[in-house]
Amino acid sequence: MRNIIFNELEKIEIAVRTKLSLVYSVAANDSWWFKSEEIYKKGIESYEKLMENIKTDVKRSNEDFLKHYKKKYSSPETPPSWMTLEVVSFGTLSHLYEMLKNTKEKRQIARAFGIGDEDVFANWLHAFSNLRNNCAHHNRIWNRRFIINMQLPYNTTNPFIAKNDLKQLKRNKIFVLLSAIKYIADILSPGNSFKKNLILLLNDKHRLLTLKEMGFPADWQKLPVWEN
């Protein structure tokens, strides 16, 4: 299951990096927009801490395009956003998005992934980042109670889960995360194999997984997001 999840989260992560860099670079007409303290909320996390995390992630990277930048330019120390956001961790990326002020640009990014509320999308990114880290460290995930409770939206661009069904779900179990991943995967890549691969795993007669412990409701495949 970790491999199936990791593969989809990687695609989501790349798409978010690309969209975030493009939207804000165009809006600000500045490839270093992320360094402007004015675009961030106050009190969520310090601006200085975010900049420190970004610099740490950039320094840690061995990408050739960063080596070329450092060799050719001495200033600014941090490369433009299309380079920088390519190498920051998913955790740093999710915190950056969360810290941004609620503007039309932030909403535009959320809506590109089928979510009308930018705060809900920030929550999803944070939960995805946490899940990715658990997968990367080979932690048990199938019956884990995750530290981040998913915010489940009532209004989405595409069919997700009906309001009455949302109320029955355990928001700290893997099923809601899988549902969110499936929702975005269908937007990014219609006809993807995420559901097919998951069902093959769940139907494996040798599996130790139990649907109840993963937070799966009865008739889960009849929920709108899982029907296709």
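Is D57 buried or exposed? I looked that up before anything else: D57 is buried, as its relative accessible area is 7%, and buried here means under 20% relative accessible area, exposed over 50% and partly exposed in between, with a 1.4 Å probe and protein chains only.

**Ground rules.** I am working on a predicted model, where local features need pLDDT of at least 70, side-chain atom pairs count only at pLDDT 80 or more, and totals for chains, interfaces and linings use all residues. I number residues from 1 along each chain as its sequence is written, and side-chain values use heavy atoms, with hydrogens and water left out.

**D57 and its helix.** I found D57 in helix 2. Helices are DSSP runs of H or I with at least four residues, strands are E runs of at least two, and both are numbered from the N terminus. I then listed what D57 touches, skipping residues up to four places away in sequence: V87, V88, S89 and T92. Contact means heavy atoms within 4.5 Å.

**Helix 2 against helix 5.** Next I checked how helix 2 (residues 47–60) meets helix 5: their axes come within 10 Å and cross at roughly 150 degrees. That makes the two helices roughly antiparallel. For the record, axes are lines fitted to C-alpha atoms, for helices over the stretch in contact, and angles run from 0 to 180 degrees between N-to-C directions. Angles under 35 degrees count as roughly parallel, over 145 as roughly antiparallel, 65 to 115 as roughly perpendicular and the rest as oblique. The crossing of helix 2 and helix 5 is left-handed, a label used if the near helix is turned anticlockwise from the far one by less than a right angle, with right-handed for clockwise. On the helix 2 side I noted Y47, L50, N53, I54 and D57, and on the helix 5 side T92, L96 and M99. Sorted by class, that contact has five nonpolar, two polar and one charged residues. Nonpolar covers Ala, Val, Leu, Ile, Met, Phe, Trp, Tyr, Cys and Pro, charged covers Asp, Glu, Lys and Arg, and polar takes the others, Gly among them.

**Helix 1 against helix 7.** I ran the same lookup here and got an angle of about 135 degrees with the axes 10 Å apart. Helix 1 is therefore oblique to helix 7. This crossing is left-handed too. Helix 1 brings R2, I5, F6, L9, I12, E13 and V16, while helix 7 brings F121, L125, F128, L131, R132, N134, C135 and A136. The class split is eleven nonpolar, one polar and three charged.

**Helix lengths.** I checked helix 1 (residues 2–28) for its span: its 27 residues should cover 39 Å at 1.5 Å a residue, and its end C-alpha atoms are 38 Å apart, which agrees. The expected span is 1.5 Å times one less than the number of residues. For helix 9 (residues 174–188), 15 residues should span 21 Å, and the end C-alpha atoms are 21 Å apart, so that agrees as well.

**How covered is helix 9?** Mostly: twelve of its 15 residues are buried. Among them I noted F175, L178, K182 and Y183. The cover over the buried residues includes helix 1, helix 7 and helix 10 (194–202).

**Positive phi.** Most residues other than glycine have a negative phi. I therefore looked at N29, which follows helix 1 and has a positive phi near 50 degrees. N29 sits in the loop between helix 1 and helix 2 and is exposed, with a relative accessible area of 72%. D219 also has a positive phi, near 55 degrees. I placed D219 in the segment after helix 10, and at 53% relative accessibility it counts as exposed.

**Loop residues.** T78 lies in the loop between helix 3 (64–72) and helix 4 (81–87). At 5% relative accessibility T78 counts as buried, and beyond four places in sequence it touches W32, F34, I54, K55, Y69 and T84.

K101 is in the loop between helix 5 (90–99) and helix 6 (104–112), and at 38% relative accessibility it counts as partly exposed. I found its C-alpha 5.0 Å from that of K41, though the two are 60 residues apart along the chain. Outside four places in sequence, the contacts of K101 are Y24, E38, I39, Y40, K41 and K106.

Last, I looked at D117, in the loop between helix 6 and helix 7. D117 and R60 are 57 residues apart in sequence and 33 Å apart C-alpha to C-alpha.
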